[in-house]
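These are my notebook entries on one structure, set down in the order in which I looked things up. Each entry takes one topic.

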Amino acid sequence: MVKYTAEELLHLKPEETLPVDFDAEEFRAIIENIKQIQALKEEEYAAHGFTNR
Amino acid sequence: TVLNDDKSFEVKHPLNTKWTLWYTKPAVDKSESWSDLLRPVTSFNTVEEFWAIVKNIPEPHDLPLKSDYHVFRNDIRPEWEDSANEKGGKWSYHIRSKSSDIDELWLRTLLAVIGETIDEEDSQINGVVLSIRKGTSKFALWTKSEDQTEALTNIGARFKQVLKLGEEDKIEFIPHSSTGKNAQPTLTL
Ligand SMILES: [Zn+2]
Ligand SMILES: [Zn+2]
């Protein structure tokens, strides 16, 4: 079994950001978008309480 | 030699197995079903690919509530219905979500899992899950068996070290077969 300690893995961390084989920009955008929707819902809830549920 | 130079761009360091990162997206409208929400993001089988992914995705503190990150071996789905998980269970630990060290503890957990240092010999570990919830977040380490008490206890003890837990902090092992409202832990450490 191939093993690495946490120290060895940290030692192998590249300085530069390497490319990935998925659309990371899109992934981050989806997450940003969800956070905005959740924040809007929170605001709505804070403003109207239970009345419009 | 080139092979000894671990900074070389040519040489990637292979992990013991392939791993897949999955993300559970919080539902933002009612039409979304579980299968729309849980998706594989990408896979990796070298140390270098792992770091590239970590640098390209949001850290746990930047995830919206009701998100999960899952990192599972090979093509195991992060669901108890997957045949690899059927006879297994999970060690879990709840942490206050405002706690600033979730990012660090998640990274420590990932390093222990993909480096295979959390498991002594045979690969008991199927995957690991971080669930971001309001007030509390959950770390869960999924194993392939639920009855290998000695192996599971050793893994649990190492999981506590990775999470920097003290004597007074408790983690619980719950077999997937008993998951539900009345789930009883079969082991507590
Ligand atoms: Zn070196
Ligand atoms: Zn941030």
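**Entry 1: The pocket lining**

I sorted the residues that line the largest pocket by type and found seven nonpolar, one polar and eight charged. I should record at once that I am working with a predicted model. The volume of this pocket came out at about 510 Å³. The lining has 16 residues, and those closest to the centre of the pocket are A:Gln38, A:Lys41, A:Glu42, B:Leu65 and B:Lys66. As background, I noted that rolling a probe the size of a water molecule over the atoms shows where empty space is left.

**Entry 2: The zinc ion**

Which protein atoms are the donors of the zinc ion (ligand 2)? I found NE2 of B:His61 and, listed twice, OD of B:Asp62, at 2.2 to 2.7 Å from the ion. I then looked up how accessible each of these two residues is. B:His61 has a relative accessibility of 52%, and it counts as exposed because the cut-off for that class is over 50%. B:Asp62 has 32% relative accessibility, so I entered it as partly exposed.

**Entry 3: The order of the sheet**

I next traced an open sheet of eight strands in chain B, paired in the antiparallel sense. Its order reads E2-E1-E3-E5-E6-E4-E7-E8. Which strands lie at the edges? They are E2 (38-46) and E8 (187-188) of chain B, each of which pairs on one side only. I followed the sheet from the E2(B) edge to the E8(B) edge.

**Entry 4: From E2(B) to E5(B)**

E2(B) is joined to E1(B) by antiparallel pairing over seven bridges. In this pairing, B:Trp19 has B:Phe44 of E2(B) as its bridge partner. Strand E1 of chain B covers residues 14-24, and I noted that eight of its 11 residues are buried, which leaves it mostly covered.

E1(B) also runs antiparallel to strand E3 (residues 67-73) of chain B, with six bridges between them. Here I found B:Trp22 partnered with B:His70 in E3(B). E3(B) is joined in turn to E5(B), again antiparallel and again by six bridges. B:Asp68 stands opposite B:Ser131 of E5(B).

How many of the residues of E5(B) are buried? I counted eight of the eight, so this strand is largely enclosed by the rest of the structure. I added a general reminder that in a regular strand the side chains alternate between the two faces of the sheet.

**Entry 5: From E5(B) to E8(B)**

Strand E5 (residues 125-132) of chain B pairs with E6(B) in the antiparallel sense over six bridges. I recorded two of the facing positions. B:Ser131 is opposite B:Lys138 in E6(B), and B:Leu130 has B:Phe139 as its bridge partner there. B:Ser131 therefore appears twice in my entries, because it is also the residue that stands opposite B:Asp68.

The hairpin of E5(B) and E6(B) has three residues between the strands, and B:Gly135 in this hairpin takes a positive phi near 85°. Strand E6 of chain B, residues 136-143, is mostly covered, with six of its eight residues buried.

On to E4 of chain B, residues 89-96: its antiparallel pairing with E6(B) runs over eight bridges. Within it, B:Ile95 has B:Ser137 of E6(B) as its bridge partner. At the far end I looked at strand E7 (residues 172-175) of chain B, which runs antiparallel to E8(B) and is joined to it by two bridges. One partner pair there is B:Glu172 with B:Thr188.

**Entry 6: Helices H3(B) and H4(B)**

Helix H3 of chain B takes in residues 102-114, 13 in number. From its first C-alpha to its last it reaches 18 Å, close to the 18 Å expected at 1.5 Å a residue. Is H3(B) mostly covered or mostly exposed? It is mostly covered, as 10 of its 13 residues are buried. Among them are B:Ile102, B:Leu105, B:Trp106 and B:Ile114. Just after H3(B), I noted a positive phi of about 65° at B:Glu116.

In helix H4 (residues 149-162) of chain B I looked up B:Thr153. Its relative accessibility is 27%, so it counts as partly exposed. The C-alpha atoms of B:Thr153 and B:Phe173 are separated by 9.1 Å, with the two residues 20 apart along the chain.

How values were computed: Residues numbered from 1 in each chain as written. Chains lettered and ligands numbered in written order. Predicted model: local features only at pLDDT ≥ 70, side-chain atom pairs only at ≥ 80, totals over all residues. Heavy atoms only, no water. 1 Å grid on protein atoms, 1.4 Å probe; cavity = no way out; pocket = protein on both sides within 12 Å on 5 of 7 lines; lining within 4 Å. Points joined across faces, edges and corners; volume = space filled by probe spheres on them. Nonpolar A, V, L, I, M, F, W, Y, C, P; charged D, E, K, R; others polar. Donors = N, O, S within 2.8 Å, 3.2 Å for Na, K, Ca; no water. Buried < 20%, exposed > 50% of the residue type's maximum accessible area, 1.4 Å probe, protein only. Helix = DSSP H or I, 4+ residues; strand = E, 2+ residues; numbered from the N terminus. Expected span 1.5 Å × (residues − 1).
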